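Subject: Structure handover

Hello,

Here is the structure we spoke about. Please open it alongside this note.

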Amino acid sequence: MFSLNELKKGALISLWFVFLTFPIMVIKVDPIERIVQWRWTNALMVGIGTFIVYCIIQFAKYRKSLKSTEESEEDSKEQASFIHKILANTKQRNMLFMVLAAIILIFPHLFSTYQTNIMTTALMYVVLGLGLNIVVGMAGLLDLGFVAFYAVGAYSYALLNHHFGLGFWEVLPIGGGLAAIAGILLGYPVLRLRGDYLAIVTLGFGEIIRLVLENWNEFSKGPSGISNISRPEFFGIEMSLEMSILYIYYIMVGFMIFTIFVVNRLQDSRLGRAWIALREDEIACQAMGIDKQKTKLTAFSLGAFWAGIVGVIFAAKTTFINPASFTFLESAIILSIVVLGGMGSIVGVIIGALVLILMPEYLRALSEYRMLAFGAILVMMMVFRPQGLIANVRRTYRFEKNS
Amino acid sequence: MDYFIELLFSGLSRGAIYALIALGYTMVYGIIGLINFAHGEIYMIGAFTSFIVATVLSIYGFPLLAIVALAGVAAAIWAASYGLTIEKIAYKPLRHAPRLSPLISAIGMSIFLQNYVLLAQTSDFLPFPELIPEFAFMEPVAHIVGSSDLVILVTTAVAMLILTYVIKFTRLGKAMRATAQDRTMAMLVGINVNNIISATFIIGSALAAIGGLLIASHIGQINFYIGFLAGIKAFTAAVLGGIGSIPGAVLGSLILGLTESFATGYVSSDYEDVFAFSLLVLILLFKPSGLLGKAETQKV
């Protein structure tokens, strides 16, 4: 299976990586004490590790080539859309939904509050991912500053609560609305920009919002943030900490179901189809008589709306916010959820969010390495499965092949 | 007036360093149309490599000139190797993938490299040895214009001249321009497109590493996180000038550097980055493809 040539190539690659990582991995200097530390074992580990990874990849390739000769390509395609097959069948779909609903409802009673908290976070990212999916997945507008709208929602709750004592349920629509307005404000001037220019302007916008929050002390209390944000109330009943964690969890579940419902309906609506047309071909889309400006703006503001609402929930959940929660990395993670799950596919986004958010949490045992693994997994996913975990199925007509 | 000149020169040297990094972005974008988000990290790795080499050599008592030369060469070599490897691992398999996939892959690479340096070295700020001594240059002006500003400006100018020569007059440059124009056609006329793309990554990474060495010695400290902001700024500069255009990258970087420097000097240092990004948004509003960028032709 492994020919001598392949082994030789693997050895060469390992040598290359030993060379590549030599200064950073092997040498460690202390410039103040003026000591040089040579860590030769690291070089050895890099070499052996690279060789093992190379062998695994070669083995996977070998397996794949064997498989593809055995099965026809059509079979693998059918397998890829396993979930979609279930969804297409009404009976199986209802069963799946019931099981999922049962799991979601029972979950907080089976596990500790810590687990519930993590799950709430994951659900928040599901909604954020679905919101960004409208902008990126459906309308094809690459938005790298999505976290700005999230920040608008979180800060509007924090500030309104701090200054005017407004409660969670009053601010929820206000936060969403403010974020949607921010979406329109950003969307309007950048309508003319395309592709990467749009990406960098949205990135810049996100950074501007974060920097303003960080530096405008009178407005946002700067880097120290706002604390003591009140938790959501339930008809004026006082709740213990555990109860309120549970309460937020159920709010988030309900809200997620609402989001999935709306986004799913949007997808097949006139507006949703206009977005998809816009993504596929702007010029053809205009020629069909679709108002490009209006379509883009609704995509931006609707996406922002969800982010704003999740922002309000985030502020209520943590009771403390500061600008450090709204960095570019956050936008990158949300974007990764959308792309990793499969652009434009709702099931994909949900699974992507659960994988990306829960994985680092449960990898805490390897806490130091979790961001390293996160980066590596993003790269590997893109290389080995660029269409995402669950590719979106589009309605297409297929011609039967004549034998 | 002195203050003005000081700001002017600090802005120019800041812009010059952005230019060194921005060139890598713009060259890669020009050729394969990819935002190489990991480019900022290459710059950071260049800075770290030069830091390690310079410190080791200074502990073993080498003369300053040898330290500077060796640190520069090592930084360029290793950064170029990193650029090459990243291209092979993270971008090459994605040549025909949807447009967003290489972008995500690049973001993943950037997170990976940051944490790799964080784990292998340290998260602390490390003091960078002073490689460019403050020599008494033009005594009355010397207080205003630091020698490191001058070194940075001269180095950048020389690098630009060499790069312009390479792209305009050599075989490699011709092949690069051909690849940038139409990859398939370049392949048809016998250009090894993969090699050209690798060469682009090597040149861009080496330039970023030189930038890393210069700015680290200018500021005096480094950290695993420096690549992110510098990368974003350099990318902003490249977009400002019109991404894909080499003179555009230089112009955009200088404008960005000057804006930041004057804004910090005359308005407030808190909002330095806000000014940079606002300038970008303003310019793109009126010139959607950057200052020197070509307007995209829309194919129907």
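Below is what came out of it, starting with the ground rules.

This is a predicted model: local features need pLDDT of at least 70, side-chain atom pairs count only at pLDDT 80 or more, and totals for chains, interfaces and linings use all residues. Residues are numbered from 1 along each chain as its sequence is written, chains are lettered from A and ligands numbered from 1 in the order in which they are written, and side-chain values use heavy atoms, with hydrogens and water left out.

Chain A overall

Chain A has 17 helices and two strands. Both are DSSP runs, numbered from the N terminus: helices are H or I with at least four residues, strands are E with at least two. The chain has 403 residues, and 48% of them count as buried. Buried means under 20% relative accessible area, exposed means over 50%, and partly exposed is in between (1.4 Å probe, protein chains only). About 21,000 Å² of chain A is exposed, and carbon and sulfur atoms supply 65% of that. Areas come from the Shrake-Rupley method with a 1.4 Å probe; for residues, only the protein chains shown count as cover. Take the contacts in chain A between residues at least 6 apart in sequence: 74% join residues at least 24 apart. A contact means heavy atoms within 4.5 Å.

Two threonines

A:Thr50 sits in helix H2 (residues 40-70) of chain A. Its relative accessible area is 14%, so A:Thr50 is buried. Leaving out residues up to four places away in sequence, A:Thr50 touches A:Ile13, A:Ser14 and A:Phe17. A:Phe17 is 33 residues away along the chain, yet the two C-alpha atoms are separated by 7.2 Å.

A:Thr21 is in helix H1 (residues 4-26) of chain A. A:Thr21 is buried too, at 10%. Beyond its neighbours within four places in sequence, A:Thr21 contacts A:Val26, A:Val46, B:Tyr82 and B:Tyr116.

Salt bridges

There are nine over all chains. The criterion is a side-chain nitrogen of Lys or Arg within 4 Å of a carboxyl oxygen of Asp or Glu.

- A:Glu282 pairs with A:Lys296 (3.8 Å, N to O). A:Glu282 is in helix H13 (residues 282-287) of chain A and A:Lys296 in helix H14 (residues 292-318) of chain A, so the pair ties together parts 14 residues apart in sequence. Both residues are buried.
- B:Glu260 pairs with B:Arg14, with the closest N and O atoms 2.7 Å apart. This pair links distant parts of the chain, 246 residues apart: helix H11 (residues 246-267) and helix H1 (residues 2-32) of chain B. B:Glu260 is buried at 0% relative accessible area, whereas B:Arg14 is partly exposed at 25%.
- B:Glu87 pairs with B:Arg95, with the closest N and O atoms 2.3 Å apart. Both are buried.
- Salt bridges with shared partners join A:Glu207, A:Arg210 and A:Glu214 into one network.

Surface patches

Patch residues have over 30% relative accessible area and no salt bridge; like charges are joined within 9 Å, nonpolar side chains (Val, Leu, Ile, Met, Phe, Trp, Tyr) within 5 Å.

The nonpolar patch combines A:Trp38, A:Trp40, B:Tyr60, B:Phe62 and B:Leu70, with about 560 Å² of accessible area together. A:Trp38 lies in strand E2 (residues 35-38) of chain A. A:Trp38 is partly exposed, at 35%.

The positive patch is made of B:Lys168, B:Arg171, B:Lys174 and B:Arg177. Lys and Arg count as positive and Asp and Glu as negative; His and chain ends are not counted. Each charge is placed at NZ of Lys, CZ of Arg, CG of Asp or CD of Glu. Helix H7 (residues 171-181) of chain B gives the most, with three residues. B:Lys168 comes from helix H6 (residues 147-169) of chain B. B:Lys168 is exposed, at 54%.

Best wishes
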